[in-house]
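Open the model in your viewer and keep the selection box handy. We will go stop by stop, with something to select at each one.

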Amino acid sequence: MEKANQLIDQKIETTCFHCGECCVEQTLHHDGKVFCCNGCQLVYDVLEENDLCDYYEIAPNPGNNQKKSSERKNRFDYLADPEVTSKLLDFQDPEESHVTFYIPLIHCASCIWLLENLHQLDQAITSSRVNFLQKKVQIKFKNKSLDLKGLVTLLAKIGYEPAINLSDVDKRKILSTDRKLIYKLAVAGFCFGNMMFFSLPEYFSEAELLGEGFRKLFNYLNVLLALPVFFYSATDYYRSAWLAIKSKAVNMDVPIALGIITLFSYSMFEIFVSGQEGYLDSMGGLLFFLLLGKLYQKKTYETLSFSRDYTSYFPIAVTKMVRDREEVIPLTKLQVGEIIKVRNEELIPADSVLLEGQARIDYSFVTGEEVPVPKTKGELIFAGGRQKGQPITLVVQKPPSQGYLTDLWNNTAFVKADKETSLASLADQISGKFTFTVLFIAFAALVYWSFQDFSMGIKAFTAVLIITCPCALAMSTPFTLGNTLRIFGQSKFYLKNAHVVEKMAKVDTVVFDKTGTLTAPSQAHITFRGGSLSTETTSILKGMVQHSVHPLSYRINGWLGNIPVAFLEGVEEVPGKGIKAIYKSQLFLLGSASFTGAKIKGDAQIPGNQVFFSVEGILMGYFQIESGLRKGMDQVVCQLINGRQVHLLSGDNDLEREQFEDLLGPEVTLKFNQSPQDKLDYIQRLKAHGGNVLMVGDGLNDAGALKVSQVGIAVTENISHFSPSSDAILDAEKLYQLPQYLRFSQTSRKIIQASFALSFTYNAIGIFFAVQGLVSPVLCAILMPLSSISVVLFTTLGTNYFAYKKGLKEKIC
Amino acid sequence: MEVIFLLIGISLVLAGGFLGLFFKAMKSGQYDDNYTPSIRILFEQKVNKKEKKTNYKKSK
């Protein structure tokens with residue numbers, strides 16, 4: 001007990017005042033406070049100097065760890081380039097500039113406070129506003145004494161370095177579309193409410209509530225209120241319907257637009273010619289509910305970005321070497337043949353050949369495998385890798401936009417893939433037929449009645465069009481799919497749009513990427529071979545791996561668990577080789593075979609990674625580290641096989657083939673040694689054989705395959721981190737729920753079909769009376785909103801109920 | 001019953017006024033971020049901070 005207390009005390013003592021992390025490597029005492037690194041202390045100094053230490057009072061240890069921050073002075077030089085600045089700035093005049101930065105490090109109230117008090121650090125900053133949810137800060141500053149480079153340097157100095165990447169420079173996002181939708185909704189809501197109010201007497205038209213004068217006035221007021229709805233709120237639907245008709249297709253918006261136009265023109269006819277009341281309130285209500293559904297869907301997806309391409313991954317600037325002098329230039333200006341310098345933790349921006357230095361490239365971002373790959377001089381290094389260790393110099397072989405990986409984005413297959421979507425949707429198919437049927441019935445009624453009484457014919461014709469107005473039909477799909485999207489979103493599975501649900505329901509082939517998707521570093525399977533380890537040895541090993549940032553060290557550290565650490569002398573990490581340590585004057589080595597002097601028997605390669613361990617030159621044994629499957633994945637594959645084909649594509653060699661055959665069973669097709677292009681081709685072959693392919697991948701190397709498949713799901717450990725362009729983003733923890741998601745998408749398809757049946761029943765009854773010319777305005781006024789509301793209720797309750805039953809949702813409502 | 005004409009006029013003007021105000025609020029960016037202001041309001045004003053601090057210490 002006493003010991004435990006001591007430990008806690010020690011922990012508090014060695015917690016960094018700035019970032020709150022334990023001080024492992026060094027403990028700096030400064031100004032009566034403890035800091036874990038120089039970076040944290042520097043930030044504190046800056047804030048102290050400017051009397052901004054309230055920062056530390058709002059939230060405890062609010063800072064961000066500064067250990068990994070780059071100390072290079074010239075890394076923001078590219079921001080001096082006028083071409084770059086003009087693209088980054090929101091607004092610029094000779095006096096003042098406005099800029100919005102995305103700062104992923106914003107995480108607490110202190111962050112907001114500090115970033116909104118920037119003006120105390122620099123007088124040139126006139127104001128700064130934080131948007132916490134979007135992790136953005138908008139800064140206004142005077143041009144006279146501060147430029148963009150100075151501003152970014154200042155932010156970096158206080159530990160809030162903004163994330164600036166190529167896609168920021170290439171295109172600025174426009175927020176106004178979102179606002180326009182709200183305006184349209186507000187107008188529709190306002191007009192709908194008032195029209196209902198003025199139509200109230202009509203609902204009780206049998207009982208003469210008001211005189212003739214009021215009726216006329218109310219009708220004209222309704223017309224007045226309908227104008228903004230018809231000419232402003234509904235414009236999106238006209239545009240979409242027109243685009244569909246122009247490309248000779250029928251989408252969901254065609255019947256909606258047709259319905260709106262019919263409702264409006266017939267109501268005009270009734271009010272001004274026949275002196276009746278029209279259906280303008282129904283039109284207002286229809287649009288109000290439609291727009292509400294649309295907004296609701298948009299809100300869920302605000303923060304996600306699905307159409308990322310390589311520009312959002314790559315850095316904005318590179319260090320170019322010109323006669324031994326460093327020059328920081330924007331990536332867009334990088335030419336073939338130029339020499340670039342890439343430092344520790346930096347991304348290689350273009351396919352290039354290694355000139356100098358020890359390259360150890362971490363391709364985790366590309367393949368999902370995080371153990372760095374060593375490269376020797378003269379070797380070609382593909383763009384997208386991250387250098388670990390010493391700076392290296394490279395000669396650029398291809399422009400960044402034409403690298404091996406970026407080429408996948410320019411593949412012509414993608415252009416076709418995008419067009420298919422508009423026709424595939426179930427609702428669009430049905431509504432197309434529906435529209436034609438309704439038009440046919442309406443014309444038939446017109447012709448039939450015209451022989452006897454032309455005005456009766458007109459009445460029947462319009463009654464059919466209005467009563468079958470596809471409101472119910474139009475609403476069932478967006479509401480069901482919208483609700484499905486929301487349910488998926490709650491369980492951390494984010495779809496790009498509603499079409500994806502329908503495509504998911506049809507999936508019959510599932511393709512997995514191996515590394516990083518099916519397997520996860522955190523699930524690594526570690527065994528120590530070569531005798532048992534004594535308690536003393538494990539504590540020595542713990543001490544050694546704690547000092548290393550190599551991913552394999554992390555894994556061994558995790559495997560060793562929480563054990564006491566031995567005191568070691570002269571711990572030293574030899575990059576790319578291993579760790580050296582002296583304990584009781586004995587030399588301990590941990591690392592690669594050559595480093596520890598281990599000899600591997602024969603030429604036989606052992607699958608997985610090995611870490612050897614030797615004492616005084618005598619090999620004690622080795623750690624066998626194999627990539628482990630994510631939790632529950634073997635069951636997932638079993639469940640998926642149920643009527644579907646399952647394939648596994650891996651970029652690795654097939655040393656692990658047997659292991660995976662055992663794990664996943666014989667039904668799974670395994671393919672090894674697949675390059676990104678191979679993966680893309682493989683999916684295309686599956687598609688050519690009529691398969692509806694679902695691809696699950698994680699890295700850039702899957703980007704092509706993800707895009708070319710019918711449904712591409714990007715698996716990511718952190719939703720807000722980058723993931724390749726895809727149809728859906730799935731939290732890695734929830735991958736085991738994939739079969740449930742697929743089943744639920746089929747359920748929601750059935751719900752749509754059921755709601756179609758429901759609305760067809762309404763319509764059939766309506767048509768039955770309408771073609772006989774028997775429908776009175778009262779019946780229309782009651783039937784129309786009733787059918788819409790019942791369909792919306794049915795779909796919402798239906799999806800929620802089934803989601804609850806399938807365990808995707810905790811509560812029904 | 002003629003008073004209804006007047007009432008309708010008033011109700012429309014009022015409702016329209018609210019719609020206009022909503023538009024104005026949207027335009028000023030009030031609805032762009034509906035989380036940060038809830039934190040911002042809790043920050044103390046900077047003006048008399050030093051004095052306050054000394055007072056606080058004395059009372060302690």
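The tour below starts with a whole chain and then visits smaller selections.

**Stop 1: all of chain A**

Please keep in mind that this is a predicted model. Select chain A and colour it by secondary structure: there are 29 helices and 28 strands. The chain has 813 residues, and 40% of them count as buried. Among contacts in chain A with a separation of 6 or more, 65% are between residues 24 or more positions apart.

**Stop 2: the side that touches chain B**

Now show chain B as well. How many residues does each chain bring to the contact? Chain A brings 14 residues and chain B brings 13. On the chain A side, the elements that give two or more residues are α5 (109-116), β5 (125-131) and α8 (176-203). Select α8(A) to see the largest share of that side, six residues. Colour the chain A side by residue class and you will find 11 nonpolar residues, two polar and one charged.

**Stop 3: a four-strand sheet**

Stay with β5(A), and add β3, β4 and β6 of chain A to the selection. Together they form an open sheet in the order β3-β4-β6-β5, with antiparallel pairing. Which strands stand at the edges? They are β3 (89-92) and β5 of chain A; each has a single partner strand, so one side of each is left without a neighbour in the sheet. Turn the view along the sheet: neighbouring strands are turned by 10 degrees against each other on average, direction ignored.

Next, zoom in on β4 (residues 96-102) and β6 (residues 136-142) of chain A, an antiparallel pair joined by seven bridges. To find one of these places, pick Thr100(A), whose bridge partner in β6(A) is Gln138(A). Strands of a sheet pair through backbone hydrogen bonds, so show the backbone atoms here.

Then bring α5(A) back into view. This helix lies across β5 and β6 of chain A and runs at about 160 degrees to β5(A).

**Stop 4: the nonpolar cores**

From α5(A), select Leu115(A). Leaving aside neighbours within four places in sequence, which residues is Leu115(A) in contact with? They are Ser128(A), Val130(A), Val137(A) and Tyr160(A).

Leu115(A) also belongs to the largest nonpolar core, which has 56 residues. The members that touch the most others are Phe35(A), Cys40(A), Leu115(A), Ile381(A) and Leu394(A). The element that gives the most to this core is α5(A), with five residues. A second, separate core has 51 residues, including Val636(A), Leu648(A), Leu694(A) and Met695(A).

**Stop 5: β10 and its two partners**

Select β10 (residues 352-356) of chain A. With β13 (residues 380-381) of chain A, this strand pairs in the antiparallel sense over two bridges. Look for Val353(A), which stands opposite Leu380(A) in β13(A). The strand β10(A) is also joined by four bridges to β15 (residues 392-396) of chain A, again running antiparallel. Here Ser352(A) stands opposite Val396(A) in β15(A).

**Stop 6: two crossing helices**

Select α19 (residues 498-505) and α28 (residues 738-770) of chain A. The two pack at an angle of about 105 degrees, with their axes 8 Å apart. That makes α19(A) roughly perpendicular to α28(A). Show side chains for Val501(A), Glu502(A), Met504(A) and Ala505(A) in α19(A), which meet Leu742(A), Ser745(A), Gln746(A), Ser748(A) and Arg749(A) in α28(A). By class, this contact has four nonpolar, three polar and two charged residues.

Is α19(A) mostly covered or exposed? It is mostly covered: eight of its eight residues are buried.

**Stop 7: a loop and a strand end**

Go to the loop between β20 (578-583) and β21 (586-591) of chain A and pick Lys584(A). Most residues other than glycine have a negative phi. Lys584(A), though not a glycine, has a positive phi of about 45 degrees. This lysine counts as exposed, with 11 C-beta neighbours inside 10 Å. Ser585(A) lies in the loop between β20 and β21 too. Its phi is positive as well, at about 55 degrees, and with 7 C-beta neighbours inside 10 Å Ser585(A) counts as exposed.

Finally, select Thr716(A) in β27 (residues 711-716) of chain A. Thr716(A) is partly exposed, with 17 other C-beta atoms within 10 Å. Draw a C-alpha to C-alpha distance to Leu730(A): the two are 14 residues apart in sequence and 6.3 Å apart in space.

Conventions:
Residues are numbered from 1 along each chain as its sequence is written. Chains are lettered from A and ligands numbered from 1 in the order in which they are written. This is a predicted model: local features need pLDDT of at least 70, side-chain atom pairs count only at pLDDT 80 or more; totals for chains, interfaces and linings use all residues. Two residues are in contact if their C-beta atoms, placed from the backbone, lie within 7 Å. Ala, Val, Leu, Ile, Met, Phe, Trp, Tyr, Cys and Pro count as nonpolar, Asp, Glu, Lys and Arg as charged, and the others, Gly among them, as polar. Two strands pair if DSSP finds at least two bridges between them. Axes are lines fitted to C-alpha atoms, for helices over the stretch in contact, and angles run from 0 to 180 degrees between N-to-C directions. A residue is buried if 20 or more other C-beta atoms lie within 10 Å of its own, exposed if 12 or fewer, and partly exposed in between; C-beta atoms are placed from the backbone. Angles under 35 degrees count as roughly parallel, over 145 as roughly antiparallel, 65 to 115 as roughly perpendicular and the rest as oblique. A nonpolar core is a set of buried Ala, Val, Leu, Ile, Met, Phe, Trp, Tyr and Cys residues joined through C-beta atoms within 7 Å.
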